[in-house]
Amino acid sequence: LTASTLTGAAGSLALTGANIAVLGSYVASGSGGIALSNGGNTGLLTVAGPVTANSGSVALTNAATMAVTGSVTSGSAVTLGAGAGGLALNGSARVASSGGTVDLRSDGAVSQAATATIVAGTLTSGGSIAGIASLVGTANAIGTVAGVSAGGLVLTNSQALVVAGSVGVGASGTIDVTTTSGGVTQASGGTIVAGTFTSGTS
């Protein structure tokens, strides 16, 4: 499927090898959720949204660059994956899986505007982030960070944060975590790999 803009509503959406430039308003009502593998787009995929999976998960990947400018919401899991062009959460973007998982993956960097928001029970990077992940949304509400591998991690959170599982940026990388309410706790089974780790409450 090739289209300049994709919008719609259905029980579920599953597209592989698509070439979509803009993903607009799309709602999936069934448990199949929304899965867009945009391998035919070697440029920018703009996720303008709102993209909502009422029962299932949302998984969006693009071969090159992805910019999220609207909302992407699922009750269970949201996965966003970009190529070497990186992943950007711009403006008032909102990526939300309250009580679920937000999985950010990129062959480049991941950036977030201070005005954008991530809401997640757990933040992870199942496919790793090659560059630095700078997640500085002042309204971020993340419960746990686990299974994150990146070139560096800068994270701002509006609530207490638990670091669990493996969180690593390499022996020369930096992890910088700031919470505006509550502290930062490492779970007993958590592993942190970094050249420098800093955390605080602002």
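The paragraphs below follow strand β2 through this predicted model, from its pairing partners to the residue at its end and on to the nonpolar core.

Strand β2 spans residues 19–38, and a useful way to read the structure is to ask which strands pair with it. On one hand there is strand β1, residues 2–16, which runs parallel to β2 and is joined to it by twelve bridges; within this pairing, Leu 13 of β1 has Ile 34 of β2 as its bridge partner.

The other partners come later in the sequence, and each can be located by a pair of facing residues. Strand β3, made up of residues 44–47, pairs with β2 in the parallel sense over two bridges, and here Val 22 stands opposite Thr 46. Strand β4, residues 51–53, also runs parallel to β2 and is connected to it by three bridges, with Ala 28 opposite Ala 53. Strand β5, residues 58–62, is paired with β2 through five bridges, again in the parallel sense, and the bridge partner of Leu 36 in this strand is Leu 60.

Asn 38 belongs to β2, whose range of residues 19–38 closes with it, and its surroundings deserve a slower look. Is this asparagine buried or exposed? Asn 38 counts as buried because its relative accessible area is 0%, whereas the cut-off for a buried residue is under 20%. Its side chain nevertheless has polar partners: the side chains of Asn 38 and Asn 62 are joined by a polar contact of 2.8 Å, and a polar atom of the Asn 38 side chain lies 3.4 Å from the backbone nitrogen of Asn 19. Leaving aside residues up to four places away in sequence, Asn 38 touches Ala 18, Asn 19, Ile 20, Leu 45, Thr 61, Asn 62 and Ala 63, so that both of the asparagines named as its polar partners also appear among its contacts.

From here the reader can turn to the nonpolar interior. The largest nonpolar core holds 48 residues, and those that touch the most other members are Leu 60, Val 68 and Leu 80. The largest share of this core, six residues, is contributed by β2. Leu 60 has already been met as the bridge partner of Leu 36 in β5. For Val 68, the contacts beyond four places in sequence are Val 47, Leu 80, Leu 87, Ala 88, Leu 89, Asn 90, Ala 93 and Val 95; this list includes Leu 80, another of the residues with the most contacts to other core members.

Notes
Residues numbered from 1 in each chain as written. Predicted model: local features only at pLDDT ≥ 70, side-chain atom pairs only at ≥ 80, totals over all residues. Heavy atoms only, no water. Helix = DSSP H or I, 4+ residues; strand = E, 2+ residues; numbered from the N terminus. Buried < 20%, exposed > 50% of the residue type's maximum accessible area, 1.4 Å probe, protein only. Polar contact = N/O pair within 3.5 Å; in protein donor to acceptor, adjacent residues only side chain to side chain. Contact = heavy atoms within 4.5 Å. Pairing = 2+ DSSP bridges. Core = buried A, V, L, I, M, F, W, Y, C linked by side-chain atoms within 4.5 Å.
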